[in-house]
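Here are my notes on this model, set out as numbered points. Please read them with the coordinates open, since each point refers to particular residues or elements.

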Amino acid sequence: VALWQDGVLHERCERVGQKHSEVLMPMLDELLRAAGVKLADMDGIAFGAGPGSFTGVRVAAATAKGLAAALGVPLWAVSSLAAAALSDGGAGDPVVRYVLFDARADRVYAACYGVGSVGVQTLVPPHPDTVREVLAAGVPAGAVFVGEGAERHRHVIEGAGFEVYAPPHGEPTADALIRFMSLHPETAPVAPPHTWEPRYLRASSAEREWTR
């Protein structure tokens, strides 16, 4: 969780495994108390809209939607892949980053972005695939691979002649979401917030079982 207040970033980051719903609100409360800010003072809320684990995305979406509705503030749903392209300290000279999130087995959630001082440009839209299919489909010139999916499949990617940047490159952090918003102030909020639903790149196990 992160708070942007008068040009100052306040952040709390913790790896919680499967305990998203248990720790999210206490972390938010701790962050606000440390910054001397009340929840009612929020001007808006941005959250990572996925792709990612089904539970993690649902928890993030439900929490953000509930807060935005209760406070009557705008809600921004930001691609977690796009934000992760910025998670190495900010935008500088233009560089191409192919972000891979681990989707279990040999599959990944993938997207490629050109990142520069003026913002993030989508070169390959978000899609689910195997790592080998990502490589076979063609990789934009100059791309480096980042994210937990790239780290997990490092030997395959490097074997194909591409470079993998280690974490914290490619991590979908809250401060990266804020950095994305600062580079893209034209991003429209969700309207109305309570109607927004996650659009997963692949069906959940429950959906797959239902359609059999």
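1. Contact in these notes means heavy atoms within 4.5 Å, and helices (H or I, at least four residues) and strands (E, at least two) are DSSP runs numbered from the N terminus. This is a predicted model, in which local features need pLDDT of at least 70 and side-chain atom pairs count only at pLDDT 80 or more, while totals for chains, interfaces and linings use all residues. Residues are numbered from 1 along each chain as its sequence is written, and side-chain values use heavy atoms, with hydrogens and water left out.

2. Helix 2 (residues 54–71) has 18 residues and reaches 26 Å from its first C-alpha to its last, close to the 26 Å expected at 1.5 Å a residue; the expected span is 1.5 Å times one less than the number of residues. Its buried residues are given here with buried meaning under 20% relative accessible area, exposed over 50%, and partly exposed in between (1.4 Å probe, protein chains only). Among those buried in helix 2 are Phe54, Val57, Val59, Leu67 and Ala68. The cover over the buried residues of helix 2 includes helix 1 (20–35), strand 3 (45–48), strand 4 (75–78) and strand 6 (107–116). Just after helix 2 comes Gly72, with a positive phi of about 70°.

3. Helix 1 also agrees with its expected span, because its 16 residues should cover 22 Å at 1.5 Å a residue and its end C-alpha atoms are 22 Å apart. Met27, Leu28, Leu31, Leu32 and Ala35 are the buried residues of helix 1. They cover an arc of only 130° around the axis, so they are on the same side of helix 1, where the arc is that of the directions from the helix axis to the C-beta atoms. On the other side of helix 1, Glu22, Arg33 and Ala34 are exposed. The buried residues of helix 1 pack against strand 1, strand 2 and helix 2, and helix 1 is followed by Gly36, whose phi is positive, near 70°.

4. Two strands are taken to pair if DSSP finds at least two bridges between them. Strand 1 (residues 2–5) and strand 2 (residues 8–11) pair in the antiparallel sense over 4 bridges, with Ala2 opposite Glu11 in strand 2. These two strands, strand 1 and strand 2, form a hairpin with 2 residues between them. In the turn, Asp6 has a positive phi of about 50° although it is not a glycine, and Asp6 counts as exposed because its relative accessible area is 75%.

5. A separate open sheet holds 5 strands in the order 7-6-5-8-9, with mixed pairing. Its edge strands are strand 7 (119–130) and strand 9 (163–164), each of which pairs on one side only. Strand 8 (residues 143–146) and strand 9 pair in the parallel sense over 2 bridges, and Val144 stands opposite Glu163 in strand 9.

6. Ser87 deserves a look, in the loop between helix 3 (80–84) and strand 5 (95–102). Ser87 is classed as buried because its relative accessible area is 9%. A polar contact is a pair of N or O atoms within 3.5 Å; within protein, one must be able to donate a hydrogen and the other to accept it, and residues adjacent in sequence count only if both atoms are side-chain atoms. The side chain of Ser87 reaches the backbone oxygen of Ala84 at 2.8 Å, and a polar atom of the same side chain lies 2.8 Å from the backbone nitrogen of Glu171. Not counting residues up to four places away in sequence, Ser87 touches residues including Pro168, His169, Thr173 and Arg179.

7. Arg97 is found in strand 5 and is buried, because its relative accessible area is 9%. A polar atom of the Arg97 side chain lies 2.6 Å from the backbone oxygen of Ala85.

8. Some backbone geometry should be checked by eye. Most residues other than glycine have a negative phi, and most peptide bonds are trans. A cis peptide bond joins Gly50 and Pro51, with omega about 5°, and Pro51 is in the loop between strand 3 and helix 2. The bond from Pro167 to Pro168 is also cis, with omega near 15°; Pro168 lies in the loop between strand 9 and helix 7 (174–183). Ala105, in the loop between strand 5 and strand 6, has a positive phi of about 55° although it is not a glycine.
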